[in-house]
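Reader: Please give me a close look at one strand of this model, its partners and its turn. Then work outwards from there and keep it brisk.

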Amino acid sequence: MGARGGVAVTVRARTAIACGCARCHDCGLIARLSGVVHARARCPRCGASLHLRKVRSLERTWALVIAAVTCYVPANVLPVMTVTSLGKQESDTILSGVLYFLVHGDWPLALVIFTASIVVPLAKLVTLTGLLISVHRGSSWRPADRTRLYRVTELIGRWSMVDIYVVTILVALVRLGNLATIEAGTGAVFFGAVVVLTMLAAETFDPRLIWDRSEGRTAT
Amino acid sequence: MSDPSSERDEAEAVPEAEVETRRRPSIVWLIPVVAALVGAFVAYRALSARGPSIVIRFETAEGLEAGKTQIKYKDVEVGVVEDVALAPDLSGVICHASMVKDAEPWLTEGTRFWVVKPRIAGGQVSGLGTLFSGSYIGVDPVREGRPVRSFRGVETPPVVTMREPGREFVLRSERGGAVEMGAPVLFRGITVGRVVSSELDATDDFVTTRIFVRAPYDLRVHAATRFWNASGIDVSMGANGVRLATQSLVSILIGGVAFETPAGAPEEAVGADAVFPLYASQSDAEERHFTHTVPYLLYFDESVRGLAIGAPVEFRGIKVGEVADVRLEFDRKAARFRIPVLVEIEPERFTDPNASDAERRATIDRLVAAGLRAQLKTGNLVTGQLIVALDMFPSARPAQVVWNAPVPEFPTVPAPLQEITANLTQLVQRLGKLPVEQIGAELRDSLAALRMTLEGTHDVGPALKTTLAEANQTLGSANALIGPDSGMDTELRRTLFELSEAARSLGLAAEQIQTQPQSLLFGKKGSQ
């Protein structure tokens, strides 16, 4: 746990896979799983399915990342929020909202929205894609840094939902009839999809693959 | 497990499993596929809803905002302004707008665009909603016509939209009055339409006013319908007192056009290019029931002071026309001034409206032969206004209507006042000829003689007194002589009795002679 990446790379670490063992996700029992890679294995104690690495991690992550990228385009092009105030209708996309705050001098708010809604999802998608490519290529470049990157990605994932939360709260709160009404736009749905898909992608990605490749093992 | 040799043994003891590599794609790939499909669908919908792009040119971009200002028809959004830019020659603004797909069929040359903003015009307040929502572009779609993509926005919203059922009429007037665009068109006090436009003709001084009358009221307009300017208050003073006519409060404030079809007029349909006259007032319109006027020229020798253009021409107090023009003419040959007065007679007032011109002339010739003449008369003693009166003057000198003149000349007679004046002048002239001084001298002499005579009678007085006393005495004695107790009286009575007896016997004798005339010769029969 506390070991720095640099230390782990230098020594031939005794990993579970190296010992032909797998740790049960549910009860923590370590069971021997020599050679049985694709067959179905069960934990002898609790009956949960056992595998050395997350099942088809790369494939699934790729699928989710591609889906997220697909959704990212309409999420930024379509309006996230439509404000109807005194008969005047205004639709805002994420970027136009940021620009609105920036023009009106609210640059801290603009910065928050820009970071949470544009930088973070984009960064996640780029990071995940980069990790996937590096794993595929069997890169042994700075596995510890890459793992840290992955951890950050997983951590900040949920924070990009801020935008969705704001829209949801506004839609629920601002129901003043003709005075002002706020409606969620189609862009919000896509944006939510991007956030959820990237979170799922981060979840399905197995960071242990980074180390497997750097140690010359093949992916499973 | 940490021992390498035991590890190797175990590996050798356990045979390698047959690994079946199934490369069926994971179900997880459905997610990007679905995402792509949904994205594609949204993109398709956005693209398919995108209609044609149009260009509208406005005078000013007041109230127009790129990306915000909508184009609405009947409050339904049919497009949005995407870009507002100055025209290259700075004469206006060019506004690019993207329309919805459904707008395609009616983007024709007849379609009009205007900016809807709060307005108070034509007696109505419009576009109040835009105070809060901001301006939008209104559109009056027209399906018929050549499709175009470039439009010139109108500055004021059209009063009548193309779809409104009804009909447009064209009115012409010499004075535009105060008929503003958007002013109401009134029929018996009810607003039945609007004034669409009011503009001065480029070539002449007429004002052409276009009005729109909504269905079904447009059927109330016939060929004989009269339109008048119902602006403000029409106050007229007549013999019946002050008359005040207004149409509605709105028309007092902003004017309007009212119309009415005269009772009994034929209900002919209005022609496609009919142009109606727009009268200045209701009374004006009512007066001009007889549109057919015949001009006549009247020559007057007397002063026409007080004869205004528009003064009535009356026949025994009934208006039959009016004075159109008064001029002064110098007759070089006769070396005298003549004043031709041009009058417009409405012959329909006293002849059959269906009569032909020839028949009408014959009628007028007959009337003139019978003594019909024109005369100047004082219409108002206070203001001294003159009217032209037609009347029968059987004793007038015979005259005829000169038909072959450019304008028929109608015979006139001098005004009654002028006649009196002329007679008075003659009288005065005659009086002037009298030898007044001679008469005066003779009169003075006669009077002096008379006075002398009267003075002479002073001496006669005393003599006359004695004469009278004597006469009195004489009468007294005469009275005594013939008084009732005098002997003379008795004598006189007896004499009178005998005289009557004699008269009676004489009567008998006369009768006798009449019945038996022979008795004069042979005597009375009885005596034989």
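**A strand and its surroundings**

Author: B:Glu314 has its bridge partner in S25(B), and that partner is B:Ala389. This is a predicted model. B:Glu314 belongs to strand S20 of chain B, which covers residues 312-315. Strand S25 of chain B covers residues 385-392. S20(B) and S25(B) run parallel and are joined by three bridges.

S20(B) also pairs with strand S21 (residues 318-326) of chain B. That pairing is antiparallel, over four bridges. B:Phe315 has B:Ile318 in S21(B) as its bridge partner. As a general point, strands of a sheet pair through backbone hydrogen bonds, either parallel or antiparallel. S20(B) takes part in both kinds: parallel with S25(B) and antiparallel with S21(B).

Next, the turn. S20(B) and S21(B) form a hairpin with two residues between the strands. B:Arg316 sits in the loop between S20 and S21 of chain B. Its phi is positive, about 50°, although B:Arg316 is not a glycine. Is B:Arg316 buried or exposed? B:Arg316 has 9 other C-beta atoms within 10 Å, so it counts as exposed. The cut-off for exposed is 12 or fewer.

B:Lys74 offers a second case. B:Lys74 is not a glycine, yet its phi is positive, about 55°. Its place is the loop between strand S2 (70-73) and S3 of chain B. B:Lys74 counts as exposed because 10 other C-beta atoms lie within 10 Å.

That loop leads into a sheet. S2 and S3 are neighbours in an open sheet of seven strands in chain B, ordered S5-S8-S2-S3-S4-S1-S9. The pairing is mixed. Why do S5 (112-116) and S9 (150-152) of chain B stand at the edges? Each has a single partner strand, so one side of each is left without a neighbour in the sheet. From one strand to the next, the twist averages 30°.

One pair in this sheet can be followed closely. Strand S3 (residues 76-86) and strand S4 (residues 93-100) of chain B run antiparallel, and seven bridges join them. B:Leu86 stands opposite B:Val93 in S4(B).

Chain B also has a barrel. Seven strands close into it in the order S10-S13-S12-S11-S17-S14-S18, with mixed pairing. Neighbouring strands are turned by 35° against each other on average, direction ignored. S14 (residues 226-229) and S18 (residues 275-279) of chain B pair in the parallel sense over two bridges. B:Trp228 stands opposite B:Tyr279 in S18(B). S13 (207-214) and S14 of chain B are linked by a loop that holds B:Pro216. The peptide bond between B:Ala215 and B:Pro216 is cis, with omega about 0°.

Now chain A. Its secondary structure comes to eight helices and seven strands. Of its 220 residues, 30% count as buried. Among contacts between residues at least 6 apart in sequence, 65% join residues at least 24 apart.

A:Pro74, in helix H2 (residues 57-77) of chain A, touches both chains. Leaving aside neighbours within four places in sequence, A:Pro74 is in contact with A:Gly187, A:Phe190, B:Gly39 and B:Val42. It counts as buried because it has 23 C-beta neighbours inside 10 Å; the cut-off is 20 or more. A:Pro74 and A:Phe191 are 117 residues apart in sequence, but their C-alpha atoms are 8.0 Å apart.

A:Phe191 leads to a helix pair. Helix H6 (residues 162-173) and helix H7 (residues 186-204) of chain A pack at about 145°, with axes 9 Å apart. Their crossing is left-handed. A:Asp163, A:Ile164 and A:Val167 of H6(A) make the contact with A:Ala188, A:Phe191, A:Gly192 and A:Val195 of H7(A).

Last, helix H4 (residues 107-136) of chain A. Its 30 residues should span 44 Å at 1.5 Å a residue, and the end C-alpha atoms are 41 Å apart, which agrees. H4(A) has a kink of about 35°, centred on A:Thr115. Among the buried residues of H4(A) are A:Val120, A:Lys124, A:Leu128, A:Leu131 and A:Val135. In general, an α-helix has 3.6 residues a turn, so residues three or four places apart point the same way. After H4(A) comes A:Gly138, with a positive phi near 65°.

Technical notes
Residues numbered from 1 in each chain as written. Chains lettered and ligands numbered in written order. Predicted model: local features only at pLDDT ≥ 70, side-chain atom pairs only at ≥ 80, totals over all residues. Expected span 1.5 Å × (residues − 1). Bend = angle between axes of the 7 residues up to and from the residue. Contact = placed C-beta atoms within 7 Å. Pairing = 2+ DSSP bridges. Axes fitted to C-alpha atoms, helices over the stretch in contact; angles between N-to-C directions. Left-handed = near helix turned anticlockwise from the far one by under 90°.
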